[in-house]
Amino acid sequence: MVTVVGLAIIVAAQEEDAPVVAALAPRAETLLVARCTVCHSEDLITQQRLPRPRWKATVEKMKQWGAEISQDEADLLVRYLSARFHPGAPDRLASLGHQVGAEELLKEESRPDGPVVGLATRGAGVFQHNCQACHGAGAGGGIGPKLAKSPILKHEDAFWETVLHGRGSMPAWGTVLSHQDIADIHAWLLTR
Amino acid sequence: MTAEQEQKVSRRSLLKRVAGLVAGALLNQRLAAAATDEDKTGSRGKDPLMVRVTRPFDAETPVREFASFLTPNDRFFVRSHFGPPAPEQVSEANWQLHLGGLVERALTLRLQDLRRMEAVTITAVLQCSGNGRAFHRPKTPGVQWERGAVGNAQWTGVRLRDVLAQAGVRPEARHVQFQGADRPVVSSVPLFTRSIPLEKALHPDTILAYGMNGRPLPLLHGAPLRVITPGWMAESCTKWVTEITVQAEESKGYYMQTAYRVPTSPVELGSSVMVPVEAMVVKSLIAGPTEGEIVKAGPISIHGVAWSNGAKISAVEVSTDDGKSWATARLAGEDHPYAWRQWQHVWTARNPGTFAILCRATDVHGVTQPATSPWNPGGFLWNGYDRVAVAVRR
């Protein structure tokens with residue numbers, strides 16, 4: 001985690017609203033992955049260079065369309081996006097912090113220290129909130145693969161790695177979901 | 001004609017058409033490429049497309065590809081709001097086209113029904129309304145397309161009006177709505193529902209296409225059936241069509257009433273009447289030399305393509321001195337109403353240095369491509385002069 005924050009600060013320091021970006025980045029980037037990349041990859045966001053009113057309009061539109069963000073979270077996103085991706089920002093910016101250091105995270109933090117016991121009843125809700133948009137109601141599949149009775153459930157290493165670090169078009173969830181969340185989702189999926 | 005014969009014929013015509021401007025080794029290379037053209041993506045050459053958005057997949061064609069008259073299927077720009085539907089949903093066995101609304105008889109058609117109808121082939125430019133959005137200032141939201149969200153292909157299918165005639169259009173009909181099989185990830189996001197005025201729908205050149213460059217329409221381009229409205233921008237060319245509804249009004253919803261609209265006069269957001277984007281605007285692109293290319297002093301071939309809203313291109317001009325003087329390019333190759341026209345100008349570069357090459361087209365109505373397009377809040381319809389910087393060396 002130290003690597004991620006450190007890099008975000010270095011990147012931010014080159015930009016106009018560096019302190020704002022640095023302060024907001026961890027929460028904002030987590031929200032971007034968790035709530036925005038459900039429908040579209042983050043490259044669509046990072047290529048924009050918009051003034052605050054247009055970022056506000058965009059975030060409001062997405063909220064109306066079903067992005068699961070509270071008003072507080074929407075305000076935070078508008079502040080972060082308009083501080084980082086403003087019309088004067090350089091064409092090329094470093095990618096969002098959460099993409100950096102995935103390998104280190106994998107080695108050092110990918111698995112819980114001790115066994116985490118998943119709670120299927122809690123997992124149902126976590127799944128619905130975070131995974132269902134792509135993997136379908138009841139984990140029956142959608143734009144993402146069907147997970148009910150999927151062989152990956154029996155290969156816990158592969159399951160954890162995919163959830164934490166993403167694979168193909170699936171975003172990494174390592175900065176969004178806690179280990180308990182992931183264990184709960186896994187436990188619930190086994191009941192499907 | 002069997003599918004195999006059709007394929008051979010189309011390859012032959014593709015070969016013929018590709019042979020336009022570029023001579024020598026480059027031509028041979030392109031011919032070889034065209035001869036093996038299939039729907040596979042990314043199997044040949046490097047960087048067949050420049051990806052703008054990973055998911056849903058949006059990608060543009062590198063402009064060097066526009067040295068060919070026809071843009072190969074696997075190098076044709078890709079744009080959709082939600083990505084393609086699951087392949088089995090639009091497979092020939094499962095796919096159906098429902099036609100209803102203000103008609104005498106609602107119809108359900110399968111692909112074989114359409115194939116039994118008279119087939120027409122039209123060569124037409126397909127262009128995203130946001131092509132060139134990245135050049136608008138102030139910047140506007142949306143996919144930041146540069147120059148390559150456009151292509152020229154042969155579209156084969158049936159006339160929309162022949163299909164509408166089978167159902168019988170009622171007198172109160174004014175618009176025809178298209179719904180594709182693509183769906184958003186989250187059901188609260190509005191569907192991509194679009195309509196075109198009845199007049200455009202009944203135009204003999206407006207077709208429902210199941211073929212692209214002599215091949216079955218690829219999934220990314222709308223398989224098994226998409227709308228082609230020649231001369232109009234691509235948001236009218238709905239992909240993966242499953243429902244056609246004849247109605248009295250324009251489609252409701254975000255993608256018709258809010259998005260894809262431009263002000264009737266070039267002014268700020270909210271202070272003008274907004275109308276749907278429809279026809280294309282006169283435009284030209286430089287396919288070669290490419291941006292940043294190092295060329296040898298002496299005769300240099302500057303070539304590219306130009307098109308308008310279906311009106312013929314009457315002239316393309318090229319400047320190598322930042323617009324102080326313009327030379328008229330030679331129009332070349334095939335001449336079809338909705339296709340782009342290839343052009344070439346041989347520039348004799350005498351001195352080394354860095355040069356900006358500009359081009360601008362004029363159509364038969366006397367409309368000339370402007371230096372910079374009028375700004376609009378959606379960043380649509382960019383058609384400013386195309387510009388390529390090259391370094392001339394001894």
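**View 1. A:Cys134 and its closest cysteine sulfur, in A:Cys39.** The two sulfurs sit 7.5 Å apart, too far for a bond. For comparison with the cut-off, a disulfide needs a pair of cysteine sulfur atoms within 2.5 Å, and this is a predicted model. While you are looking at A:Cys134, note that this residue is buried, at a relative accessible area of 17%.

**View 2. B:Cys128 in its surroundings.** Here the closest cysteine sulfur belongs to B:Cys237, and the gap of 11 Å is too far for a bond. B:Cys128 also counts as buried, with 6% relative accessibility. If you are wondering about the rest of the model, a search of the whole structure over all chains turns up zero disulfides.

**View 3. Where chain B meets chain A.** Chain B brings 20 residues to the contact and chain A brings 21 residues. Between them, about 1,900 Å² is buried, and carbon and sulfur atoms give 55% of that area. On the chain B side, the residues to zoom in on are B:Arg55, B:Lys139 and B:Val185: they lose the most area to chain A, together 40% of what that side buries.

**View 4. Polar partners across the interface.** Twelve residue pairs, with both residues at pLDDT 80 or more, are in polar contact between chain B and chain A. Salt bridges between the two chains number zero. Strand E1 (50–53) and helix H6 (254–257) of chain B are worth picking out, as each supplies at least two residues of the side that touches chain A. Sorted by class, that side of chain B holds twelve nonpolar, five polar and three charged residues.

Conventions:
Residues numbered from 1 in each chain as written. Chains lettered and ligands numbered in written order. Predicted model: local features only at pLDDT ≥ 70, side-chain atom pairs only at ≥ 80, totals over all residues. Heavy atoms only, no water. Buried < 20%, exposed > 50% of the residue type's maximum accessible area, 1.4 Å probe, protein only. Contact = heavy atoms within 4.5 Å. Buried area = accessible area lost by both parts, 1.4 Å probe. Salt bridge = Lys/Arg side-chain N within 4 Å of Asp/Glu carboxyl O. Polar contact = N/O pair within 3.5 Å; in protein donor to acceptor, adjacent residues only side chain to side chain. Helix = DSSP H or I, 4+ residues; strand = E, 2+ residues; numbered from the N terminus. Nonpolar A, V, L, I, M, F, W, Y, C, P; charged D, E, K, R; others polar.
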